[in-house]
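This report walks through selected features of one protein model, moving from a single residue to the sheet, its helices and its aromatic rings. Please keep the sequence and the structure at hand while reading.

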Amino acid sequence: MERLKKLLSKVDENSFNLTKLAIDQVKSSIEFASIDSVYVNLYQNHYETETFAQALELLTSLHFSLYISGEISEISISKDLNEDIARKVIYSLFQLGLYDEIFKLHEIYKNQSLRKYVYSVAVDRNLYKFDRLYAKIIELKAFFKDSTVDFENLRNEYLVQTKEFVKNTNVEDLYVQLQTADFNKDLSKYINKYIYLSQQGAALPNSQSFFSQRKPLPVLIQNHKWFIVQANEYKPSTAYIDSVSDMSSLIGDILFLSLFESNPKELYSKISVAKLHKAIRIFGLKNVLSVWRRDYSACVSLPIELAKRNYELTAHNIHIREGLPSNLSGIEQQNKYAVCISGQLRGAEKCLPFWRKHCEENKVPLFLSTWEAVGYPTGSEAGRLGRMLPPRLRNKVKGISDDEFNSVFPSTFNSMIPTYNSQDLIDKVFSGVEGSFSLNVNVESEEYIETLVEKQRGAVQRVHLNQIKMFYQMYQVLEMLEKYESLQRSGITHIIWARPDYQVSHIGQELIHQHSSDTVSTSNISDEGRMLDYLMVIPIEHISVLKECYLNLISSKPSPVFGYNHGPRLITDMFLSKGVIINAINNSQLTAHGLQAWSIDEHSFVSNFKKEVREINPVPPIFQDLLAAC
């Protein structure tokens, strides 16, 4: 318990975004002798308080960080624990991929509701494909006589598929295939190869760097860390610890804190841009730089050296500002901003009306660049196919790509695609805005950029082509913005950048008008600590980073600093390399409802789907859940 107390003493409410009351609740509970009694005491004394959920998350994060770092040998929770807390503990273990520990807890808790929860998640994640877990899942199934899932048939089908691709190929060749495969085009084969190779462990040379990365596996979205444990004889490894400490979560922050406290030299010697940002958030810019200057000044890599130099400049500027009056003119200054929107208008009929109203009420210019075709979510990750379905059916197609669905049900899929074009939608949403605010629109065909990418880069995977297109549209918006400013000289200081399919219903004025010039704010940060492009607030002096992202990707030669780095990681690394600090937007300043897409009404979908099902025999197993729900 002393180690828990010491870790907790380092948790600052501001750096970790916690309330003081939640921290105090854990402090008072942690005085007990065993971890079991700590959980029980926290429940008995604080369950009815508003901060209980946050206190419980803090306690589980402290507890699991000690297990992951090897300071305690097992996770043991009292069998008398309240069901709600037990479910929260199990949920956290699922997030961390610690499946063995979950099944141990399942055996302790003789509770039907918890068993059902574990079973449902195991089904959802296709865990029957893993040798070590199959028997446990069958054991669980015995408790649910009404379960229609035929694991034996699914398992046999998986083993037959595995034999097919293993028959004439050795392990090393399969590993090469997996590295170069486009998971969006044939997700099922990709997942099966991934699972097979992950279970080879030591038989697969030089695989650690591959399996330590998060691979976009929608069916097994949180299982990437489990693969690392699997390849290291089921014990938390250095790669696993590193992976968890990178997570944008409370446990990721606490594990990072623990590692930093115990061995800062190890962290500094291989620190990434993302970890550098986390260190600054937790320990403060001045503290991180002072330690770096004193002990670890050797250049690690070019991106880190760039980041360090720019952070030095940022620290210098902060020092200068601290010595100046806070308001030289005596008049409160407010930022002037513009709204920028780029990308496919899929789901935009649900999202653009908010931005029209916002710009009308605040007299803010809006810049929009998009493609002629509205489009639809493509690929298999992030529940893209599900966004096109009626809400009740969305969780029945997890991990299934649009390609896979279209190949089996082409008629139904065709009925799910929008029939209108982007210009029609823009005209409808912005009809009658003339004179109320400045609306600047660019609509173009995708042919130009696709031809340019082929000329400059040759053949690229579809997921990478889509990301290049995303940055191209950002580039086009900035071109419009620069032309506008050269004519209007309106003094825009900040940009609200939003995806057209990200639904927002409220954005706080404080977020816009009191935004720092050294910070980029983002609505979403991934598990790896990367900012996502859903909604960002960007100071105008840093907006050129988005142009640089596009120019980096369209170049015929990869950047010597960033390589052909695609998507959120590129945005994050380029901002951080320029000394710009990235923060998550506080929930009080933004109300959002996730990514949207045009979706067919339920009656039409079910009717089309059932009609097409009658023509197919048998229906592939991956669509059985959807069929049962219809």
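## A histidine and its contacts

Leaving aside residues up to four places away in sequence, His-46 touches Gln-25, Ser-28, Ser-29 and Phe-52. His-46 belongs to helix α3, which covers residues 35-46, and its relative accessibility of 14% means that it counts as buried. As with everything that follows, this description refers to a predicted model.

## The sheet and its edges

Seven strands make up an open sheet of mixed pairing, and their order across it is β3-β2-β1-β4-β7-β6-β8. Strands β3 (439-444) and β8 (581-584) stand at the edges with a single partner strand each, so one side of each has no neighbour in the sheet. From one strand to the next, the twist averages 15 degrees.

At the β3 edge, strand β2 (residues 366-371) runs parallel to β3 and is joined to it by six bridges; Thr-370 has Val-443 of β3 as its bridge partner. The two faces of β3 can be told apart by their cover, since Asn-440, Asn-442 and Glu-444 form the covered face, whereas Leu-439, Val-441 and Val-443 form the uncovered one. Helix α26 (residues 462-488) lies across β1 (337-342), β2, β3, β4 (494-498) and β7 (535-539), and it runs at about 145 degrees to β2.

## Strand β4 within the sheet

Five of the five residues of β4 are buried, and the strand is therefore largely enclosed by the rest of the structure. Both of its faces are covered, with His-494, Ile-496 and Ala-498 buried on one side and Ile-495 and Trp-497 buried on the other.

The pairing of β4 with β1 is parallel and extends over five bridges, and within it Cys-340 stands opposite Trp-497 of β4. With β7, by contrast, β4 pairs in the antiparallel sense, also over five bridges, and here Ile-496 has Val-537 in β7 as its bridge partner.

## Two crossing helices

Helix α25 (residues 447-457) and helix α28 (residues 544-554) have axes that come within 9 Å of each other and cross at roughly 55 degrees, and the two helices are therefore oblique to each other. On the α25 side the contact involves Ile-449, Leu-452, Val-453, Gln-456 and Arg-457, which meet Tyr-550, Leu-553 and Ile-554 in α28.

## Aromatic rings and charges

A pair of aromatic rings is described by the distance of the centres and the angle of the planes. With centres counted as paired when they lie within 6.5 Å, the model contains 17 aromatic pairs. In one of them, the ring centres of Phe-405 and Phe-605 are 6.4 Å apart and the ring planes meet at 25 degrees, so the pair is stacked. Phe-405 lies in helix α22 (residues 402-408) and Phe-605 in helix α30 (residues 602-613), so this pair ties together parts that are 200 residues apart in sequence. Both Phe-405 and Phe-605 are buried, and ring pairs link them with Phe-409, Phe-413, Phe-609 and Phe-623 into a cluster.

Charged side chains also sit over rings elsewhere in the model: Arg-87 lies over the face of Tyr-117, at 4.6 Å from the ring centre, while the charged end of Lys-547 is placed over the ring of Tyr-475, 5.1 Å from its centre.

Key: Residues numbered from 1 in each chain as written. Predicted model: local features only at pLDDT ≥ 70, side-chain atom pairs only at ≥ 80, totals over all residues. Heavy atoms only, no water. Helix = DSSP H or I, 4+ residues; strand = E, 2+ residues; numbered from the N terminus. Buried < 20%, exposed > 50% of the residue type's maximum accessible area, 1.4 Å probe, protein only. Contact = heavy atoms within 4.5 Å. Pairing = 2+ DSSP bridges. Axes fitted to C-alpha atoms, helices over the stretch in contact; angles between N-to-C directions. Phe/Tyr/Trp six-rings, centres within 6.5 Å; stacked < 30°, edge-to-face > 60°. Lys NZ or Arg CZ within 6 Å of the ring centre and 35° of its normal. Parallel < 35°, antiparallel > 145°, perpendicular 65-115°, else oblique.
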